[in-house]
Amino acid sequence: MADKEYSFDPIVPFLFIKDKKEQMIEAMRKLNREAGLRRFILVFPTWDGEAKGATIQKAFEAFGDLVGEVGSRMAADGIEVGWWCAPSLSIDPLPSEGEVSASAQKIVGIDGAVSKGAYCPLDKQFMSSMGTYMQTVVERGRPPYIFFEDDYEMSNHDVVRFGCFCPLHMKRFSEFVGKEVSREELQALFRSGGDQAVAYRKVWANLMKDSLVELSSSMRRAVDEIAPDTRMALCQSFVCDLDGDFTEGVAKALAGGTRPLVRLFGSDYSSDQADHFASLTFHMLHAKMTLGDEFELIHESDPFPHSRFFFSAAKLRALMSLALFYGFDGSLSYVTQYTDGPLEDEGYFRMIGRNRAFFNELMRVVQGFRIVGPQVLYRPHAQAHRPVVGNHPPVIVTSAWAAVLGKMGIPYTARSGQGPVMICGEDILDLSDEELRELLGSGVFLDGLAAMYACRRGYGDMLGVDVTELEVALCDTLVSERLTKLDEWTPSEAGERMYFVNLAMAVQQYASVFHIKPKYQEVRVMSELWNDCDEAVVPAVTLYENSLGGRVAVMAYDLRQNASASIYNHKRKEQIRGITEWLGRSNLPVYAVKDPNVFVSAQENPKTGDKLIAVYNLSLDPLEQVTLAIDAGWSRSYAYRLQDDGVWTLVDQADNVLAKDKVLLRVQGAFATLQPLVLRLSNQAM
């Protein structure tokens, strides 16, 4: 949908109030005139009972007619009108003859709870009804595209958080495993964990994916009978990986003969928080790098509840700009309120209008570039290793390393990149022995939980340490962490003491720190945990070069359970930066010096040698300048900054300082919170 000129052409979900038709049409035209927005998807069904009961088919007929009428009236203005199907699995199926309402199978949770609104995609009546609705709207309205909003999932429906365990799914699961299994048996097994639970969880996840693929294929066939060129797009759900990593399969099934189109998630609701920017945007980078160029990928630019009382236009701009920096093809931009006054708050669409040239140039310039930095490992199927608690398992879609590196100004990639691999928690359990040995023969940085799992699998010799749970009595005595004299990365005037360790235990006291026991004299202890008698007790961070020729770093903390000052402090920032470079046997291409909460992403063009750097201030403090340490091999004769009008201006490098094999580049501010700073380094004058 993005043309060869890489024109930024977002799609706008629009709640069209039928009894105010002319005002709605005028609002769409205003968005087109004043912000260049020309593609809309009308929301239907809404949540007020339109698509329920005996009149449901007539409601879809009326909506199809509305899409056709609005699309016809807007065509002269170059405006396209599609359909946003929501909530997609909570649309009532057609009642059988003589019924007032349908009696199809609803989604059932692992605890037996029945969803109030969501239907099982395996139910034939529901599947057939969805095909009928698709045909009705497509035949009458001819929408160029249909988006299925993120209710299109199995594991996140009102009272059901992990599903579906209805009789249809239990029958199919039993067929897959070759014996009859009850919901109650799976509930007990999935709560207890273990090898059998993991094996069954993976079968279960694939079954959830297959269920959505079957429904998607059925709806695609129904639409193909009328308009095979109509694009059917998936709005990716945050439980997509829990439900079998279904994004690719479902998107392809919906696409049919068209190019697969996916709106990747990467926003949060009712929040203007800035310092979680890295963790918020990691999964969309992972998905972009995993799915590849076959897919058209657009960002979830959703500031719900679509009011700047909750979500600033500045934050929306930051998220959109990073998505485009990552190479996204566009945006699903929620710029209107879902009321009968859609333009009551004009902040979002005016932001887009002001920044079209900036967005256009960002889309253009990243072509041919690739993300660089250490790899933050994320394994979608590691979800199976996290036991169910209550009625659902923990849903983790971001490695904690993304937040750590992101807040410390260290760029990263989500795929195999230049430098080490950062691993935390259960992601290591999803690696095969062959994959794990390969990584341990290169460079890896493990948090305490990942290291303990590696040791349990028999890889302690490769780590140089044994890692076990920390004894409660010992844990109670710990008060601080101190750098050792072996730490060559922290200037002596900074001191050796980090913040109190007890800050690490504020959430999960005894699960957040692990006991590291060096196995060999060659293990280097970079920092130690000290007790209340002022004695060094156990290592906090270790380094080791193993028999495979690999370098391994181990940190005692469970990073997922620890967002405290014991991790986020200036000494730790330098420690992690230095260790990351040691592991990778080379400098980082670029990183943010000194200032905390400065997010950096970096790319390079393998053909031209040009570099791109995106920087975001995640602090509420405006920066007077951004200081970047750039590897001398990465530095270029010219540095340019992308201005808001889409023009590149030369950055003065007269004050650059060469420090060892790095160049300190100072870019003058002031840089406000989340204000994008995009730099291009080149040996060619622009």
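This passage walks through a few local features of a predicted model, from a pair of packed helices to some unusual backbone angles.

A good place to start is the packing of two helices. Two packed helices are described by the angle between their axes and the distance between the axes. Here, helix α1 (residues 21-35) and helix α10 (residues 347-354) have axes that come within 9 Å and cross at roughly 35°. On the α1 side, the contact is made by Lys 30, Leu 31, Glu 34 and Ala 35, which meet Phe 349, Arg 350, Ile 352 and Gly 353 of α10. Sorted by character, the residues of this contact divide into 4 nonpolar, 1 polar and 3 charged.

Two of the residues named above also form a salt bridge. Side chains of opposite charge can pair when their charged atoms come close. The side chains of Arg 350 and Glu 34 meet in this way, with 2.7 Å from N to O. The pair links distant parts of the chain, since Arg 350 lies in helix α10 and Glu 34 in helix α1, 316 residues apart. Arg 350 counts as partly exposed because its relative accessibility is 30%, and Glu 34 is likewise partly exposed, at 35%.

The model has a count of 47 salt bridges, and a few others are worth a look. Lys 315 pairs with Asp 268, and the closest N and O atoms of these two residues are 2.9 Å apart. This pair also links distant parts of the chain: Lys 315 belongs to helix α9 (residues 313-325), while Asp 268 sits in the loop between β8 (261-264) and α8 (277-291), 47 residues apart. How accessible are the two partners, buried or exposed? With a relative accessibility of 1%, Lys 315 counts as buried, and Asp 268, at 14%, is buried as well.

A further salt bridge joins Arg 551 to Glu 545, where the closest N and O atoms are 3.6 Å apart. In this pair Arg 551 is buried, with a relative accessible area of 16%, whereas Glu 545 is partly exposed, with a value of 44%. Salt bridges can also share partners, and in this way Asp 9, Arg 38, Arg 39 and Glu 80 are joined into one network.

Attention now turns to some buried residues and their surroundings. Glu 481 is placed in strand β16 (residues 478-483) and is buried, with a relative accessible area of 1%. What does the side chain of Glu 481 make a polar contact with? One partner is the side chain of Tyr 557, at 2.7 Å, and another polar contact, of 2.4 Å, joins Glu 481 to the side chain of Arg 572.

Asp 427, found in the loop between β13 (421-423) and α13 (433-440), offers another case. This residue is buried yet has no salt bridge, and the nearest side chain of opposite charge, that of Arg 386, is 4.2 Å away. A salt bridge requires a nitrogen and an oxygen within 4 Å, so a pair at a distance of 4.2 Å falls outside the cut-off. The side chain of Asp 427 does reach the backbone nitrogen of Arg 379, at 3.1 Å. Beyond its neighbours within four places in sequence, Asp 427 is in contact with Leu 377, Tyr 378, Arg 379, Ala 382, Arg 386 and Ser 399.

Ile 107 is a buried residue too, at 0% relative accessibility, and its place is in strand β4 (residues 106-108). Leaving aside neighbours within four places in sequence, its contacts include Leu 89, Val 114, Tyr 119, Met 154, Val 160 and Cys 164. The C-alpha atoms of Ile 107 and Pro 121 are separated by 8.4 Å, and these residues lie 14 places apart along the chain.

Finally, the backbone itself has some points of interest. Most residues other than glycine have a negative phi, and most peptide bonds are trans. Against that background, the peptide bond from Ala 86 to Pro 87 is cis, with omega near -15°, and Pro 87 is found in the loop between β3 (80-85) and β4. Another cis bond joins Gly 163 and Cys 164, with omega about 20°; Cys 164 lies in the loop between β6 (145-148) and α4 (167-177).

Positive phi values appear as well. Asp 534 has a phi near 65°, is placed in the loop between β18 (524-531) and β19 (536-545), and is partly exposed, with a relative accessible area of 46%. Lys 660 has a phi near 60° in the loop between β27 (657-659) and β28 (662-671), and counts as exposed because its relative accessibility is 81%.

Note on methods: Residues are numbered from 1 along each chain as its sequence is written. This is a predicted model: local features need pLDDT of at least 70, side-chain atom pairs count only at pLDDT 80 or more; totals for chains, interfaces and linings use all residues. Side-chain values use heavy atoms; hydrogens and water are left out. Axes are lines fitted to C-alpha atoms, for helices over the stretch in contact, and angles run from 0 to 180 degrees between N-to-C directions. Helices (H or I, at least four residues) and strands (E, at least two) are DSSP runs, numbered from the N terminus. Contact means heavy atoms within 4.5 Å. Ala, Val, Leu, Ile, Met, Phe, Trp, Tyr, Cys and Pro count as nonpolar, Asp, Glu, Lys and Arg as charged, and the others, Gly among them, as polar. Buried means under 20% relative accessible area, exposed over 50%, partly exposed in between (1.4 Å probe, protein chains only). A polar contact is a pair of N or O atoms within 3.5 Å; within protein, one must be able to donate a hydrogen and the other to accept it, and residues adjacent in sequence count only if both atoms are side-chain atoms. Lys and Arg count as positive and Asp and Glu as negative; His and the chain ends are not counted.
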